[in-house]
Amino acid sequence: MQLKTFRQSTVREALREARETLGPDAFVLKTEMVPAPGLRGLLGAREVQLTAALAQDVSAPRPLPEERRPPVIDREGEALVARLVASGLDQPMAADIVRGIPESMRRGATASRLFRALVDEVTPLTAAADQFARAEVFIGPPGVGKTTTIAKIAARERAAHGRALGMIAADGFRAGAVEQLRTYADIIGSTFTVARTSEELDRALSGARHTVLVDTAGRSPKDGSVAEQLNALARHRSVRTHLVLAADTSVSSARRIFDTYAEARPTRVVITKLDESDSLAPLSSLLRERGIPISYITTGQCVPEDLERATPVLLASAILSESYDETAVRS
Ligand SMILES: Nc1nc2c(ncn2[C@@H]2O[C@H](COP(=O)(O)OP(=O)(O)OP(=O)(O)O)[C@@H](O)[C@H]2O)c(=O)[nH]1
Ligand SMILES: [Mg+2]
């Protein structure tokens, strides 16, 4: 495949140069902001570096049969793809988003039109409207924010509906871990149970009359005692498991975390520490690939303020690291 880079002050100009050099079949692999050459760069000026490839390369593999080829994106669409790639999205996801915009509307598409297309693309990845299951279980690596998220959810429910959700600390391994949750339970008025073994967890779940939030240790399900806990949970109906992942996790670590915790069969993802990350764009393709809807996004250490249900608009804003008004986008 023939790759070439182009540097211009805007994406549009870089794209025009790429088309002039490589022809109309060139497609954009990535765009990035790089320091301008010479003194201007030293003084902080930046320009767009666009990497394009020639689709019709003789060394390229044979083209897919017509029916398996994704629909070609027109020139206007390519410019929009480049804009999304410049925001950190990968090319396939950016192309899918642009395909969601009718061709006739791509020319001169506003940022808000592009944003709406992103909202549509990520809608299947959000689970904002969930009712509580009987047990909501939170699993994930150490220190990602499982216990804090549980405290936020319980405190919010208490404030909004006067209902104190129960809490179970299946996290019996580390001194301090149980006390952290117990303190929150005391403040919120939640029933609190410590389940140190899978039998105790079984009993606590059977005895719970209302929704319980289950905190776990930041350990892999491959650990024997964690595996027993998960088996105990699997024996109960209406258990929903959330995999908690920090927003600034690298894509390779996140992939490993998804694989490590796959045995626990999470059906939701919680994204924490959005405030510590520039954007969710790097993780967005992996989230899309895994297809597990996001239930909550957390944005800071404050309990209960820094917790949001994951709506499509919020997720799209986190990906583009811009804030948008839900109502304005929908109108
Ligand atoms: N900045 C930021 N910090 C957070 C967020 N959520 C949690 N934290 C902080 O992250 C640290 C770890 O949070 P915990 O809730 O104890 O994490 P955990 O997953 O329960 O940790 P283990 O029980 O040790 O596995 C604490 O200092 C929290 O205040 C968030 O959304 N943003
Ligand atoms: Mg914890």
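Which side chain has an N or O atom 2.7 Å from a nitrogen atom of ligand 1? It is that of Asp-275. This is a predicted model, in which local features need pLDDT of at least 70 and side-chain atom pairs count only at pLDDT 80 or more, while totals for chains, interfaces and linings use all residues. Residues are numbered from 1 along each chain as its sequence is written, ligands from 1 in the order in which they are written, and side-chain values use heavy atoms, without hydrogens and water.

Let us stay with the ligand for a moment. An oxygen atom of ligand 1 lies 2.6 Å from an N or O atom in the side chain of Thr-298, and an oxygen atom of ligand 1 is 2.9 Å from a polar backbone atom of Gly-145. Alone, ligand 1 exposes 650 Å², of which the protein buries 83% (Shrake-Rupley areas, 1.4 Å probe).

Now turn to strand S9 (268–272), where five of five residues are buried (under 20% relative accessible area; exposed means over 50%; 1.4 Å probe, protein chains only). Strands are DSSP runs of E with at least two residues, and helices are runs of H or I with at least four, numbered from the N terminus. Arg-268, Val-270 and Thr-272 are buried on one side of S9, Val-269 and Ile-271 on the other. S8 runs parallel to S9, joined by five bridges; Leu-243 has Val-269 as its bridge partner.

S9 also helps to cover the buried residues of helix H10, as do S8 and helix H11 (contact: heavy atoms within 4.5 Å). Those buried residues are Ala-254, Ile-257 and Phe-258. They share one side of H10 because their arc around the axis is only 100°, taken from the directions from the helix axis to the C-beta atoms. Ser-252 and Arg-256 are exposed on the other side of H10.

Technical notes
A polar contact is a pair of N or O atoms within 3.5 Å; within protein, one must be able to donate a hydrogen and the other to accept it, and residues adjacent in sequence count only if both atoms are side-chain atoms. Two strands pair if DSSP finds at least two bridges between them.
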